[in-house]
Amino acid sequence: MVLVLTLITVVAGSALAYVNYVTAGQIEKIKAENLANGVKQVMGVGSDSQLDYTTEQSGDFTLYRSDRGIAVQSVTNGFGGALKVLVGFDNEGTVTGYTILEHAETPGLGAKAGEWFQKGQKGDITGKSPATTNFTVSKDGGDIDAITASTITSRAFLLAVQDAYDELLKANNPDAASAASAIDQKGGHDK
C-alpha cells in the first residue's frame with residue numbers, strides 16, 4: 001500500500017512539474033500583456049492605442065514613465081496575501097487610474113477592490129491626490145469609503161496607493177523623504 005501511494009505521488013508530482021514547465025512561458029507572456037494593458041489603462045490610453053514608456057526599478061517598486069504621467073507598481077499585504085496594484089499619476093501627482101495586477105482576496109468581498117475605487121464608484125480615488133486627500137478609510141479618520149465588509153483589503157489597497165505616491169515623490173525629488181514624512185505627519189497615513 002505504501003509503495004502504491006508513493007508511486008501515485010511521484011507520478012502526480014512529475015505531471016504537475018511538467019505542466020508547470022510547459023505553461024511557464026505562456027503565463028509570463030500573459031502577465032506581460034496584462035501589465036502593458038494595465039499601464040495604458042491607468043494612464044487613460046485605450047488598449048488599442050500606442051503608449052511609449054520607460055521602466056525603472058526603485059527598491060520594491062517599479063515605475064513606468066511616459067509623457068502622460070507615471071504608473072507605479074506597489075505591493076502590500078491584504079487579507080488573503082499579496083495585493084499588487086498599478087497606480088497611474090499625472091504630472092501633478094493626481095491619481096489617473098489604477099488596476100489590480102494580482103491578488104488573493106476573498107471573492108465577492110476583498111476582490112471588489114478592482115472596481116470599488118474606480119471613477120463613479122462609492123470609494124472613487126481617481127482625480128484625487130494623496131497630497132491633499134487622506135488616503136485611509138473613513139473608519140480610520142480618512143477620506144475614502146472602505147469596501148463593505150472588507151476593511152482589511154481596503155486599508156491594504158489604500159496603503160499601496162499611498163506607498164506608490166510616496167515612491168513617486170522620492171523618484172521625482174531626491175529630498176522627497178522629508179516631503180513624504182511631512183504628509184504622514186499631517187494625517188496622510190501610518191505605516
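I take a residue as buried when its relative accessible area is under 20%. The model I am reading is predicted.

**Entry 1: the sheet**

I began with the strands. I find an open sheet of five strands in the order β1-β2-β3-β4-β5, and the pairing is antiparallel. I note that β1 (54-58) and β5 are the edge strands; each has a single partner strand, so one side of each is without a neighbour in the sheet. Averaged over neighbouring strands and with direction ignored, I record a turn of 20 degrees of one strand against the next.

**Entry 2: the β4-β5 pairing**

How many bridges join β4 and β5? I count six bridges, in the antiparallel sense. I looked up two of the partners in β5: Val85 has Ile100 as its bridge partner, and Leu86 has Thr99. The two strands make a hairpin with five residues between them. In the turn I note Gly93, whose phi is positive at about 90 degrees.

**Entry 3: helices on the sheet**

I then asked which strands the helix α1 touches. Helix α1 (residues 2-42) packs on the sheet with contacts to β2, β3, β4 and β5, and I record an angle of about 165 degrees between its direction and that of β5. Helix α3 also packs on the sheet, and here I list β1, β2, β3, β4 and β5 as touched. The direction of α3 makes about 135 degrees with that of β3.

**Entry 4: nonpolar cores**

I turned to the largest nonpolar core, which has 29 residues. The members that touch the most others are Val72, Phe89, Phe117, Ile125, Phe157 and Leu158. I find at least two core residues in each of β2 (61-66), β3 (69-77), β4 (82-89), β5 (95-102), α2 (113-116) and α3 (151-172). Which element gives the most to this core? It is α3, with nine residues. I also note another core, lying apart from this one, of eight residues; Val42, Leu51, Tyr64 and Leu86 are among them. As general background, I recall that nonpolar side chains tend to be buried together in soluble globular proteins.

**Entry 5: aromatic pairs**

I find four aromatic pairs in the structure. One of them joins Phe89 and Tyr165; I record 5.9 Å centre to centre and 55 degrees between the planes, and the pair is tilted. Phe89 sits in strand β4 and Tyr165 in helix α3, 76 residues apart, and the pair thus links distant parts of the chain. Are these two residues buried or exposed? Phe89 has 0% relative accessibility and therefore counts as buried. Tyr165 has 5%, so I enter Tyr165 as buried too.

I next looked up Phe117 and Phe157. Their ring centres are 4.4 Å apart with the planes at 10 degrees, so I enter the pair as stacked. Because Phe117 lies in the loop between α2 and α3 and Phe157 in helix α3, the pair ties together parts 40 residues apart in sequence. I find Phe117 buried, at 0% relative accessibility, and Phe157 buried, with a relative accessible area of 0%. Phe117 and Phe157 form one aromatic cluster with Tyr98.

How values were computed:
Residues numbered from 1 in each chain as written. Predicted model: local features only at pLDDT ≥ 70, side-chain atom pairs only at ≥ 80, totals over all residues. Heavy atoms only, no water. Core = buried A, V, L, I, M, F, W, Y, C linked by side-chain atoms within 4.5 Å. Buried < 20%, exposed > 50% of the residue type's maximum accessible area, 1.4 Å probe, protein only. Helix = DSSP H or I, 4+ residues; strand = E, 2+ residues; numbered from the N terminus. Pairing = 2+ DSSP bridges. Axes fitted to C-alpha atoms, helices over the stretch in contact; angles between N-to-C directions. Contact = heavy atoms within 4.5 Å. Phe/Tyr/Trp six-rings, centres within 6.5 Å; stacked < 30°, edge-to-face > 60°.
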